[in-house]
Amino acid sequence: MNSRRPPDGGYGWVVVISAFFIMGLTAAVLKNFGLFFLDIQSHFQVMTSTTSWVTSTTIGMFHLGAPVASVLTLRFSQRVVIILGGLLSASGMLLASLDLSLPWLYLTMGVMQGLGICFAWIPANSMVSHYFVKWRPIAYGIASSGECVFAILFSPFFQWLIETYSWQGALIIIGGLQLNLCVCGALMRPLEAPQSPIQETKDNLEGDAAELPPKRKVIFQFSLLRKPELLFYILFAIFAAAGFFIPPLFLVPFANSFGMDKYWPALILSILALADLAGRLLCGWLANMRVVRNLQLLTMVVTLLGVVLLLLPINQSYWAIMVFVCLYGFPVRLRWWPIHVTSIVDIVSLEGFDNGLGLFMLFRSFGGFIGPPAAGWLVDQTNDYSSAFYLSGACLISSAVFVVLVDRILQKKKCIEAEDQRSNAKDNPDAEKVN
């Protein structure tokens, strides 16, 4: 199967199912790192902020590794990079189980696991777009739902592993499961010449990936930061990432802090994943309706998330937490990749998309890297996990302010462009008639 035309089916559905499992064995595992938090903290007798660096390192490496994954995919193929990601992820978990020291966990569960997740996750998304054009939204929807489905199953399963085999034994078993990433990667049969994952996302916007020739571009062009709208959007990314990655890490310790049985906090993560799945299904429908602009939708959803997180610690009963978790998880997918991609194109144009996306991913990693330790430091100072959610909510609401500024700048530019076009039409009536 070496045709350059995406088949929109056939072996492509094998690729989709493989991507489904890749999403589950990468992002869903990361979502459940909070289950290990208290055991690791108790084992090493360290502060909350010190323990949270394990997860923040994983998040940071996931984002920083995106350009590396793109370069490796250009040099080799999606199949090779996914297999490499599987080996890195599994090795990170297996080596972390040796329990040498906390810095050792930063290296294994942090750096190795983060890069492994990145190297598997990004090429898998790229591969789906190689095989589909007409059915691409459905294919992406099926593949991305693997993250939610596996997160629902992994939460109680991981908790059972920790109680049965200790957190070190649980890491060994999870590492063994992640070796299946190599099997999924082997099923990713190349359809055409390897192409950058960032270029593939650009292809999605233009409609037909097969009609665009592969291009090698500079990933980072810092001169784009002269655009105030991109600078504000990057500030949004930093604040939003800082707040976004705090709740999954601290939900389990927060629930445990007022005496819940260990399986109930794990069930909270499953409910969060289930609400996330429902939000994914609604995301495409709302985007297609085009009732509001993408940036307006982004502002409303991020503000809603921030308010929910500020209210979550007020009532510390189990069912109240469940309600707020559902309210938090349901709109999460409404603000994810499609809106980011479209907004970046609006900001820097299609020609600057590659560089703009690279800068977005680079700076977003800073927020994900700093957010959890900052929340951990607040917990250490106040001896109350509620402060982590207050910080998260404040970061998300603050990030919405920058989205409003971006939207105002873009709308002002569109008005100026419309005025210029009307002026040109008045000055050149003959040219308008020809058109």
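The following exchange examines how several descriptions of this predicted model are justified.

Colleague: What is the make-up of the protein chain in helices and strands, and what percentage of its residues count as buried?

Modeller: The chain has 17 helices and zero strands. Of its 435 residues, 55% count as buried. About 18,000 Å² is exposed, with carbon and sulfur atoms supplying 67% of that area. Among contacts between residues at least 6 apart in sequence, 86% join residues at least 24 apart.

Colleague: Why is Glu229 called buried?

Modeller: The relative accessibility of Glu229 is 1%. Buried means under 20%, so at 1% Glu229 counts as buried.

Colleague: What makes Lys413 and Glu229 a salt bridge?

Modeller: Their side chains meet at 2.5 Å, N to O. The cut-off for a Lys nitrogen and a Glu carboxyl oxygen is within 4 Å, and the 2.5 Å pair therefore qualifies as a salt bridge. The pair links distant parts of the chain, with Lys413 in helix α16 (residues 386-427) and Glu229 in helix α9 (residues 228-244), 184 residues apart. Lys413, at 35% relative accessibility, counts as partly exposed.

Colleague: How many salt bridges does the structure hold?

Modeller: The structure holds two. Besides the pair just described, the side chains of Glu147 and Lys31 meet in a salt bridge at 3.0 Å, N to O. Glu147 in helix α6 and Lys31 in helix α1 are 116 residues apart, and the pair again links distant parts of the chain.

Colleague: Which of these two residues is buried and which is partly exposed, and how do you know?

Modeller: Glu147 has 7% relative accessibility; buried means under 20%, so Glu147 counts as buried. Lys31 has a relative accessible area of 24%, which lies between the 20% and 50% limits, so Lys31 is partly exposed.

Colleague: How do you know that the span of α1 agrees with its number of residues?

Modeller: At 1.5 Å a residue, the 20 residues of α1 should span 28 Å. The end C-alpha atoms of α1 are 28 Å apart, so the two values agree.

Colleague: Why is α1 described as largely enclosed by the rest of the structure?

Modeller: Of the 20 residues of α1, 15 are buried, so this helix is largely enclosed.

Colleague: Which residues make the nonpolar surface patch, and what makes Trp135 eligible for it?

Modeller: Trp13, Ile17, Phe21, Trp135, Ile138 and Ile142 make a patch of about 530 Å². The elements that give two or more residues to the patch are α1 (12-31) and α6 (136-178). The largest share, three residues, comes from α1. Trp135 is found in the loop between α5 (102-131) and α6. Patch residues need over 30% relative accessible area, and Trp135 therefore passes that limit at 37%.

Colleague: Which residues have the most contacts inside the largest nonpolar core?

Modeller: That core has 112 residues, and those with the most contacts inside it are Ile22, Phe36, Met109, Tyr233 and Phe250. The largest share of the core, 14 residues, comes from α5.

Colleague: Why is Met109 called buried, and what surrounds it?

Modeller: Met109 lies in helix α5. Its relative accessible area is 1%, under the 20% limit, so Met109 is buried. Leaving aside neighbours within four places in sequence, Met109 is in contact with residues including Phe33, Ile40, Val54, Met93 and Leu171. Met109 and Met93 are 16 residues apart in sequence and 6.0 Å apart in space, C-alpha to C-alpha.

Definitions and conventions:
Residues are numbered from 1 along each chain as its sequence is written. This is a predicted model: local features need pLDDT of at least 70, side-chain atom pairs count only at pLDDT 80 or more; totals for chains, interfaces and linings use all residues. Side-chain values use heavy atoms; hydrogens and water are left out. Patches are made of residues with over 30% relative accessible area and no salt bridge: like charges are joined within 9 Å, nonpolar side chains (Val, Leu, Ile, Met, Phe, Trp, Tyr) within 5 Å. Accessible areas come from the Shrake-Rupley method with a 1.4 Å probe; for residues, only the protein chains shown count as cover. Helices (H or I, at least four residues) and strands (E, at least two) are DSSP runs, numbered from the N terminus. Buried means under 20% relative accessible area, exposed over 50%, partly exposed in between (1.4 Å probe, protein chains only). Contact means heavy atoms within 4.5 Å. The expected span of a helix is 1.5 Å times one less than its number of residues. A nonpolar core is a set of buried Ala, Val, Leu, Ile, Met, Phe, Trp, Tyr and Cys residues joined through side-chain atoms within 4.5 Å.
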